[in-house]
Amino acid sequence: MKFVNLYKLAFLLLLWSALVSAAVGSSRYWRGAQVNDVHLELIDEQNQRLLSESDLTELVRQWWSTQRDSAALQIDTYLLETIINEHPLVANAQVTWNLQEALNVQVQVEQAVAHVRIGRERHLLNTALQLLPAPQKIALDLPVITGVTDSASAHSSALVLRQIQTSGVVGKVAQLDARGRYYTLVPQGWNHVVLLSKEHNLGRQLGKLKAFYNAQSAAELKEIKSIDVRYKNQVVHRTR
């Protein structure tokens, strides 16, 4: 009986020694672990290329300059994540350590749904209908919102644009102009404009427009210059 107890005691002491050794070794490993590189991964769902790795390289370089130590447990990954998330064309960024010598930075790039012109300024509109700075020399086949004066009016017009697109009445939209008391809609692929009231129900106006389109042949639509659905129970159109 005493022999069994001594055996158990010896086993427990051996196990405890192994655990202590493992803990000490692990602690030394983590304290000595270094980060020597940053890997960037850009997720660009529609391949719009609003952002490139080179656009973020300078931000990473600035972050590195603030780090006094390259030890993995000492570097400020939260600061790097914050800096990248503050970029106006970044929707979301997450920084993780790969448990070796590098940080992995996964960046979700903003996606544009429309161009916006405010005076001479050019902007983009993201999926949340927020204004983004428009990169230079960017060519995207997107609707253009004009005639707005600030971010609030741009957002209001974007809601109208979204309802028009969702209805599917005109297919693709080339332009939506918001100046004046009404909206001027330019359907892509057609040589006419559609006038929509800002005061009346947009859904009803789109319903009238759909009925009008269905009643016209392709040849007749080509001769139409403008379609006005602002009036109650009628559609006024002009031909060339």
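Helix 4 and helix 5 are oblique to each other, because their angle falls in none of the other classes (under 35 degrees roughly parallel, over 145 roughly antiparallel, 65 to 115 roughly perpendicular). The model is predicted: local features need pLDDT of at least 70, side-chain atom pairs count only at pLDDT 80 or more, and totals for chains, interfaces and linings use all residues. Residues are numbered from 1 along each chain as its sequence is written, and side-chain values use heavy atoms, without hydrogens and water.

The axes of helix 4 (residues 151-167) and helix 5 (residues 202-215) cross at roughly 40° and come within 11 Å. Axes are lines fitted to C-alpha atoms over the stretch in contact, and angles run from 0 to 180 degrees between N-to-C directions. Helix 4 contributes Val 160, Gln 163, Ile 164 and Ser 167 to the contact, and helix 5 contributes Leu 202, Gly 203 and Leu 206. Contact means heavy atoms within 4.5 Å. By class, this contact has 4 nonpolar, 3 polar and no charged residues.

Helix 2 (residues 53-65) and helix 3 (residues 77-85) form another crossing. Their axes come within 10 Å, at roughly 150°. Leu 56, Leu 59, Val 60 and Trp 63 of helix 2 meet Leu 79, Leu 80, Ile 83 and Ile 84 of helix 3. The contact has 8 nonpolar residues, with no polar and no charged ones.

Two tyrosine rings carry a charge over them. The charged end of Lys 198 sits over the ring of Tyr 183, 5.1 Å from its centre. That of Arg 230 sits over the ring of Tyr 182, at 4.5 Å. The criterion is NZ of Lys or CZ of Arg within 6 Å of the ring centre and within 35 degrees of the ring normal.

Definitions and conventions. Helices (H or I, at least four residues) and strands (E, at least two) are DSSP runs, numbered from the N terminus. Ala, Val, Leu, Ile, Met, Phe, Trp, Tyr, Cys and Pro count as nonpolar, Asp, Glu, Lys and Arg as charged, and the others, Gly among them, as polar.
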